[in-house]
Each structure stands twice: as structure tokens, then as C-alpha cells.
Amino acid sequence: MRKVIARRLTESKSTVPHAYATIECTIDAILKLRKSFARDKSKLSVNDCVIKAAAMALKEHPKVNSQWKDEGVVQMANVDISVAVATEQGLITPIVTDASNKGLKQISENVRDLASRAREGKLQLHEFQGGSFSISNLGMFGIGEFSAVINPPQACILAVGTSKLRLSSLNQAQTVMTLTLSSDARVVDDALAAVFLQSLKSNLENPMRLGLL
């Protein structure tokens, strides 16, 4: 598997024109939402919220939910989000299908199930081949921010860094997280990447506004 991963990463960096855009967002509202889920004995991770917020932003900006193929740009009908999972054999990206039409609880359950079976080597091919957009989260390892390599033919991958406390302009403590979008410049230009990230930031900072439940 590592040889396949190495070949695909080399192919991606050598053939796909990567462009990068980074944005910071406060996640205090998401952390409060996690606590409310915990009171109901439901598990919810920050990454589950990022998946849902990204899915909603992709519905708002469908051109980002596209792939580059031989015939050019192909816009995908469904929002199927590939989530990077580390296994002993290397990274694998199981897919949360139709993520924009799933609630947070269902996404959380899907991710836990997919990640568990990925580490056990029990995923079926259709569960990790395909997808329209990828998310890679290294925040749990203390990585502040990073840029991820696009997984062709997808046009984008979102890199999620760790959260950190910071004083706001009003001298109040807030929890901040950095997101970096790597995009195929043939599909997503800088302006589109910027408005997509702004929508994603808005979803994360106001999780109830777009019905993330």
C-alpha cells in the first residue's frame, strides 16, 4: 500500500497545479455543541463538525465539489467526503457518502465505523475509492497547520490543524483552529477557494445557523 501511496502522491505533486489558501476560525461554539452531545451520551469530534461544515459549504459552492478528468472539469452530483485515516499500512481515505444530507450524529457514527474497519483492513473497495473532496486532520498530533497533497481526480483537500487558545481583540479567551485548502488551480481559482473557506468558517463559527444537527 505504501508503494501505491508514494506513486499517487508523486503523480499528484508533479501533474496537479497545487494552490493553497489558509483561514483561521474560532471553534468555541463547536466545543459547546460537543458538550451538549456528551450530556446526551453521544460522541462528537471536532472533525465530525468540520466534515459537516465542509459538506454544507460544498453545497453552497458546488464548483469546488468537482474533479479534473480527461474531458476537463466534472462537477460531482453528491458531496462524498474522503476522510484520511492512518493505518499501519499507510493512509487510507474512507468515504462519508452524501455528507451534506446527513446529520452530525450520523456522520460521527459513519466515521467511527469506517475508521475502525480501515485500521482492521476490512473496508470494501467502494468505501475508500472515489469521493469528491478530502479532509486530513493532524490536529490530534499537535500540528498547528499544514498543507496536504491533493488526491486526484479530486480537486481539493482540506488540512485541519490543532486548536489553540488566544486572546481576542476584546481581551477574551477564544479557541482558534487553522484550516488550509489545497486546490487544483485548473478547477478552483483563488477567488473561489477564498469564498469557499469563508463559508466553511461561517458554518463552524455558527453551527446552528445552517442546521448542522
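Student: Before we turn to single residues of this predicted model, what makes a residue buried, exposed or partly exposed?

Tutor: Buried means under 20% relative accessible area and exposed means over 50%, with partly exposed in between.

Student: Why is Glu24 called partly exposed?

Tutor: Glu24 has a relative accessibility of 32%, and because partly exposed covers what lies between under 20% and over 50%, Glu24 counts as partly exposed.

Student: What makes the pairing of Glu24 with Arg166 a salt bridge?

Tutor: The closest N and O atoms of Glu24 and Arg166 are 2.7 Å apart, and a salt bridge asks for a side-chain nitrogen of Lys or Arg within 4 Å of a carboxyl oxygen of Asp or Glu, so the pair qualifies. Glu24 belongs to strand β1 (residues 18-26) and Arg166 to strand β9 (residues 156-167), so this salt bridge ties together parts that are 142 residues apart in sequence. Arg166, with a relative accessible area of 35%, is partly exposed as well.

Student: How do you know that Glu120 and Lys122 form a salt bridge, and which class of exposure does each residue fall into?

Tutor: Their closest N and O atoms are 3.6 Å apart, which is within the 4 Å that the definition sets. Glu120, at 45% relative accessible area, is partly exposed, whereas Lys122, at 54%, passes the cut-off of over 50% and therefore counts as exposed.

Student: Why is Asp184 called buried or exposed, whichever applies?

Tutor: Asp184 has 1% relative accessibility, and because buried means under 20%, Asp184 counts as buried. Asp184 forms a salt bridge with Arg186, the closest N and O atoms being 2.8 Å apart, and Arg186 is partly exposed at 34% relative accessibility. Elsewhere, salt bridges that share partners join Asp113, Arg117 and Glu127 into one network. The structure holds six salt bridges.

Student: What makes the radius of gyration of the protein agree with that of a compact globule?

Tutor: For 213 residues, a compact globule would have a radius of gyration near 17 Å, and the protein has 17 Å, so the two agree. Along the principal axes, the C-alpha atoms fill a box of roughly 50 × 40 × 30 Å, and buried residues make up 47% of the 213 residues.

Student: How much of the contact count comes from residues 24 or more positions apart?

Tutor: Among contacts with a separation of 6 or more, such residues account for 64%, in a protein whose secondary structure comes to five helices and 10 strands.

Conventions. Residues numbered from 1 in each chain as written. Predicted model: local features only at pLDDT ≥ 70, side-chain atom pairs only at ≥ 80, totals over all residues. Heavy atoms only, no water. Helix = DSSP H or I, 4+ residues; strand = E, 2+ residues; numbered from the N terminus. Rg over C-alpha atoms; globule rule 2.2 N^0.38 Å. Buried < 20%, exposed > 50% of the residue type's maximum accessible area, 1.4 Å probe, protein only. Contact = heavy atoms within 4.5 Å.
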